[in-house]
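Trainee: I would like a close look at a single part of this model, namely the run of packed helices in its middle, and I would like the answer to stay with the geometry and the residues.

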Amino acid sequence: ALYPSRAAYALQGSGIHPTLSRYACLIRGFGSESVRRSPRSSLGQFFRRTEAVKKICNLLMEPSWGSGMADALENLNVHLSAFVVCEVLRSQIPVDEAVSFFNWLKAREGYKPDCYAYNAIIDRLGKAGRYDEMESLVNACKADGKMTVQILTNAIAWHKRAGKSGKAIQLWNSME
């Protein structure tokens, strides 16, 4: 049997340092299908997804987004599951590359960002102090019907940390 301490050690050995949000993405990414699979199969799927995240992040670490980058991402032939997208957006790639990756995803036919992807990119923009872009994404999230309390409180918290209490109160009052 695979014990939690072994799983955490295996994750850390692959360069992934488990956090609560990563485990949440992992659980959501596996969905209810993982209940029917063996733990070994689920762990194998996790490592394949981790490898996909690593490939995308390595590619995005190269400077200057352009049409060549979009082609290179397409040629990676990786499945862009909710887990993979969340982990790429939360990774240590430059925030400009994370935003470009998110916009590239939104432009892809058949892809609609979920609330986890929106929350991840809104958090990255807040950390970078890019509040106007963050606010724009909060509005896009509302328009797409993906708004959650977590996203809204995340945006409010970033405005509060920046000393923009008026904007934080405005977002608070916009909750329905």
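How many helices and how many strands does the protein chain have, and how do α6, α7, α8 and α9 pack against one another?

Mentor: This is a predicted model, and everything that follows should be read with that in mind. The protein chain has 11 helices and 0 strands, and along the sequence its pattern reads α-α-α-α-α-α-α-α-α-α-α. Of its 176 residues, 39% count as buried, while the accessible surface comes to about 10,100 Å², with 53% of that belonging to carbon and sulfur atoms. Among the contacts with a separation of 6 or more, 61% are accounted for by residues 24 or more positions apart.

With that background, we can follow the part you asked about from α6 onward. Helix α6 spans residues 82-90 and is mostly covered, since 7 of its 9 residues are buried; these are F83, V84, V85, C86, E87, V88 and L89, a list in which the charged residue E87 stands beside nonpolar ones.

Against α7, helix α6 packs at an angle of about 155°, with the two axes 9 Å apart. Because angles over 145 degrees count as roughly antiparallel, α6 is roughly antiparallel to α7, and the crossing in which α6 passes α7 is left-handed. On the α6 side the contact is made by V85, V88 and L89, and on the α7 side by A98, F101, F102 and L105. By class, this contact has 7 nonpolar residues, with no polar and no charged ones. V85, V88 and L89 are also on the list of buried residues in α6.

The next pair joins α7, residues 95-107, to α8, residues 115-127, at an angle of about 150° and with the axes 10 Å apart. That angle makes α7 roughly antiparallel to α8, and α7 passes α8 in a left-handed crossing. From α7 the contact draws on V95, A98, V99, F102 and K106, and from α8 on A117, Y118, I121, R124 and L125. These residues divide into 8 nonpolar, no polar and 2 charged. A98 and F102 thus take part in the contact with α8 and also in the contact with α6.

Helix α8 then meets α9, residues 131-143, where the axes come within 8 Å and cross at roughly 165°. The two helices are therefore roughly antiparallel to each other, and here too the crossing is left-handed, with α8 passing α9. The contact is made by Y118, I121, I122, L125 and G126 of α8 together with Y131, E133, M134, L137, V138, A140 and C141 of α9. By class it has 10 nonpolar, 1 polar and 1 charged residues. Y118, I121 and L125 serve in this contact as well as in the contact of α8 with α7.

One further residue ties the beginning of this account to α8. Y116 lies in helix α8, and its C-alpha atom is separated by 6.6 Å from that of C86, although the two residues are 30 residues apart along the chain. C86 is among the buried residues of α6, whereas Y116, at 29% relative accessibility, counts as partly exposed.

How values were computed. Residues are numbered from 1 along each chain as its sequence is written. This is a predicted model: local features need pLDDT of at least 70, side-chain atom pairs count only at pLDDT 80 or more; totals for chains, interfaces and linings use all residues. Side-chain values use heavy atoms; hydrogens and water are left out. Axes are lines fitted to C-alpha atoms, for helices over the stretch in contact, and angles run from 0 to 180 degrees between N-to-C directions. Helices (H or I, at least four residues) and strands (E, at least two) are DSSP runs, numbered from the N terminus. Angles under 35 degrees count as roughly parallel, over 145 as roughly antiparallel, 65 to 115 as roughly perpendicular and the rest as oblique. A crossing is left-handed if the near helix is turned anticlockwise from the far one by less than a right angle, and right-handed if clockwise. Contact means heavy atoms within 4.5 Å. Buried means under 20% relative accessible area, exposed over 50%, partly exposed in between (1.4 Å probe, protein chains only). Accessible areas come from the Shrake-Rupley method with a 1.4 Å probe; for residues, only the protein chains shown count as cover.
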